Each structure stands twice: as C-alpha cells, then as structure tokens.
Amino acid sequence: MFHFSEQHKEGLAAGEEAIKELDLGIAVIHFHQTALSLGLRGHFEQMMDVIGDVPSDWHYHISWVME
C-alpha cells in the first residue's frame with residue numbers, strides 16, 4: 001500500500017499550493033503507469049482512517065492498494 005500526500009508550509013501562496021497539487025497528480029500518474037508496466041494489480045482509494053497521525057502541514061490525497 002502506498003499513500004500519496006503533500007506538505008504545505010504556513011504562508012504558502014494559493015498559486016504555490018495549486019502547483020504542489022499538480023505535481024502530486026503528475027507523480028500519481030507516473031506511479032500508476034509504472035505499476036501497470038510492471039504488471040502490478042491494484043487500485044486507488046481514499047483511506048483517511050488508515051493514515052493515522054500525520055503532521056498538520058501534511059495533506060493526504062489518496063492511496064494505492066495492491067490486489
């Protein structure tokens with residue numbers, strides 16, 4: 001299982017926050033394409049309760065669960 005999140009420091013401008021989210025989206029796509037090319041089976045799922053305690057400046061988005 002892999003969790004995808006991003007870190008936002010205090011005072012981050014809205015534009016910078018949007019770029020971080022875009023970067024994370026690109027990373028998730030690359031992860032997915034690599035998993036497919038390796039023949040790994042899995043799916044994306046939001047699992048907020050699995051993450052547990054994380055620092056307040058980290059923002060969870062989605063997890064990839066191997067089947």
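**Note on a predicted β-α-β-α-β chain**

H59 sits in strand 3. That residue is a useful way in, and the points below return to it. The model is a predicted one.

1. **Overall layout.** The chain holds two helices and three strands. Along the sequence they alternate as β-α-β-α-β. The C-alpha atoms fill a box of roughly 40 × 25 × 10 Å along the principal axes.

2. **Surface and burial.** Of the 67 residues in the chain, 16% are buried. The accessible surface comes to about 5000 Å². Carbon and sulfur atoms account for 58% of that surface.

3. **Contacts along the chain.** Take the contacts between residues at least 6 apart in sequence. Of these, 55% join residues at least 24 apart.

4. **Helix 1, length.** Helix 1 covers residues 14-37, which is 24 residues. At 1.5 Å a residue, the helix should span 34 Å. Its end C-alpha atoms lie 35 Å apart, so the expected and modelled spans agree.

5. **Helix 1, buried side.** L24, V28 and A35 are buried in this helix. What covers the buried residues of helix 1? The cover includes strand 1 (2-7), strand 2 (42-45) and strand 3 (58-66).

6. **After the helix.** G39 comes just after helix 1 and takes a positive phi of about 80°. L40 lies in the loop between helix 1 and strand 2. Its relative accessibility is 33%, so L40 counts as partly exposed.

7. **A nonpolar patch.** L40 also belongs to a nonpolar patch on the surface, with L38 and M66. Together the three residues have about 290 Å² of accessible area.

8. **E6 in strand 1.** E6 is found in strand 1. Is E6 buried or exposed? At 5% relative accessibility, under the 20% cut-off, E6 counts as buried. Leaving out residues up to four places away in sequence, E6 touches E17, K20, E21, L24, D57, W58, H59 and H61. One of these, L24, is among the buried residues of helix 1. The C-alpha atoms of E6 and D23 are 9.3 Å apart, with their positions 17 residues apart along the chain.

9. **Polar contacts of E6.** Which side chains make polar contacts with the side chain of E6? One is the side chain of H61, at 2.4 Å. Another is the side chain of H8, at 2.9 Å.

10. **H8 in the loop.** H8 lies in the loop between strand 1 and helix 1. Its relative accessibility is 10%, so H8 counts as buried. Beyond residues up to four places away in sequence, H8 touches E17, K20, E21, D57 and H59. E6 also touches E17, K20, E21, D57 and H59.

11. **Back to H59.** H59 has a relative accessible area of 32%, so this residue is partly exposed. Setting aside neighbours within four places in sequence, H59 is in contact with S5, E6 and H8. Of those partners, E6 is buried, and H8 is buried too.

12. **H59 and L40.** How far apart are the C-alpha atoms of H59 and L40? They are separated by 26 Å, and the two residues are 19 apart along the chain. H59 is in strand 3, whereas L40 is in the loop between helix 1 and strand 2. Each counts as partly exposed, H59 at 32% and L40 at 33%.

How values were computed
Residues numbered from 1 in each chain as written. Predicted model: local features only at pLDDT ≥ 70, side-chain atom pairs only at ≥ 80, totals over all residues. Heavy atoms only, no water. Helix = DSSP H or I, 4+ residues; strand = E, 2+ residues; numbered from the N terminus. Expected span 1.5 Å × (residues − 1). Buried < 20%, exposed > 50% of the residue type's maximum accessible area, 1.4 Å probe, protein only. Contact = heavy atoms within 4.5 Å. Polar contact = N/O pair within 3.5 Å; in protein donor to acceptor, adjacent residues only side chain to side chain. Patch = residues over 30% accessible without salt bridge, like charges linked within 9 Å, V, L, I, M, F, W, Y side chains within 5 Å. Areas by Shrake-Rupley, 256 points an atom, 1.4 Å probe, with all protein chains shown as cover. Salt bridge = Lys/Arg side-chain N within 4 Å of Asp/Glu carboxyl O.
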